[in-house]
Amino acid sequence: MNGWLELEEKRSLFLACLRAAMFYPLGALALLLFLKAPSANGQQVTPVPPFVGTNSETWERFGVRSIPSGTSILGGIATISGDHMVTATFFRMCSVIGRPSDGTILMDSDRPTGPLTISFSQPVSAFGAYWGSGVQCPYGDAPSILTFQDANGNIIGTDNFYYSGDGTLEWHGYRFGTPVGTITRTAGDGEEGVAMDGLQATVATTPIHPSFFSGETALGGGGYYLQFANGTPFGYYSYLTDPNYIYHLDMGFEYLFDANDVNHAIYFYDFASSSFFYTSPTLFPDLYDFSLNAWLYYLPDANNPGRYSQNPRWFYNFATGQWINL
């Protein structure tokens, strides 16, 4: 009985917040942004302007010398592998001379060069550097192609760009929805050299997920599976770039509100039904629907253990004694 009163108090408070948002312009704007559904795939690699990361590499400490493949960089959180790698005060890039972006030293790998690979011992949530390559070369200019892989080797995105400057290296930086373990630079023609300087990387922190998800198992590639302590499966899902959003393989897009109670309960804003649900690890697959003011039972998929009905999703409405789909 006390638990039900607590739930009703939370519902009243939540609805009061929604009503307040209707009367205050900033609240209304915040509510509009909150209710906007996320992108279907989430943005895994997002370009960002220059930033200062948790770790940096300016190459100044190396002086002018050859750089062996596998050299430790970025304060020890990464190694760089490749061929023809040297640190120098300048780098001829066909018609222009590449200059350091900071200090007096840059790193380059002269043509013909194979892939350059930066491998992180601690995955990063952001990376950027200043880059340069051949301009108006007699054999044609080639783009730099960057490939980003997570800690399990899954490709989460790519980028490619041509350098067209006067020797001043150009910034290319990225934020990652899934922490990155490896970055590989290849030339579009498989041979064109590259200069780089001013590397910045931000070590990824482990996200703190609501206690509802305690015991979740990471499957790699950003996917998770959760089975509660009582043996009931929650199912398969992934967090989007904003970890307040999940995409559940059966339920679809959900926005999370941690109930912060002793039951480790959670509120979902369900985009498919435009309703708010309440549930907990001991209640699921029962959910309270605030639009229907009723408890629902989410029907499992009898043919797929660990999965639930979808397209359509079937729910048993305890208030009406009927099966409905949402």
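Modeller: Let's start with a word we'll need: buried means under 20% relative accessible area, exposed means over 50%, and partly exposed is in between (1.4 Å probe, protein chains only). This is a predicted model, where local features need pLDDT of at least 70 and side-chain atom pairs count only at pLDDT 80 or more, while totals for chains, interfaces and linings use all residues. Residues are numbered from 1 along each chain as its sequence is written, and side-chain values use heavy atoms, with hydrogens and water left out.

Colleague: Okay, what percentage of the 326 residues is buried?

Modeller: Take the under-20% cut-off for buried. Apply it to the 326 residues of the protein, and the buried share comes to 46%.

Colleague: And how many strands does the protein have?

Modeller: Helices (H or I, at least four residues) and strands (E, at least two) are DSSP runs, numbered from the N terminus. Besides its 2 helices, the protein has 25 strands.

Colleague: Which strands stand at the edges of the open sheet of 11 strands?

Modeller: Two strands pair if DSSP finds at least two bridges between them. The sheet's order is 15-16-17-18-19-20-21-22-23-24-25, with antiparallel pairing. An edge strand has a single partner, so one side of it is left without a neighbour in the sheet; that goes for strand 15 (217-220) and strand 25 (322-325).

Colleague: Inside that sheet, which residue is the bridge partner of Tyr247?

Modeller: Strand 18 (residues 245-248) runs antiparallel to strand 19 (residues 252-258), and 4 bridges join them. In strand 19, the partner of Tyr247 is Phe253.

Colleague: On to salt bridges: how many residues apart are Arg99 and Asp166?

Modeller: A salt bridge is a side-chain nitrogen of Lys or Arg within 4 Å of a carboxyl oxygen of Asp or Glu. Arg99 and Asp166 fit, with their closest N and O atoms 3.6 Å apart. Arg99 is in the loop between strand 8 (96-98) and strand 9 (106-109), Asp166 is in the loop between strand 12 (155-161) and strand 13 (170-187), and the separation is 67 residues.

Colleague: Are Arg313 and Glu254 buried or exposed?

Modeller: Their side chains meet in a salt bridge (4.0 Å, N to O). Arg313 sits in the loop between strand 23 (294-298) and strand 24 (314-317), and Glu254 sits in strand 19. Both of them are buried.

Colleague: Last one: which residues are linked in a network of salt bridges?

Modeller: Start from Arg111 and Glu191, whose closest N and O atoms are 3.1 Å apart. Arg111 is partly exposed at 22%, and Glu191 is partly exposed at 36%. The network links Arg111, Asp189, Glu191 and Glu192.
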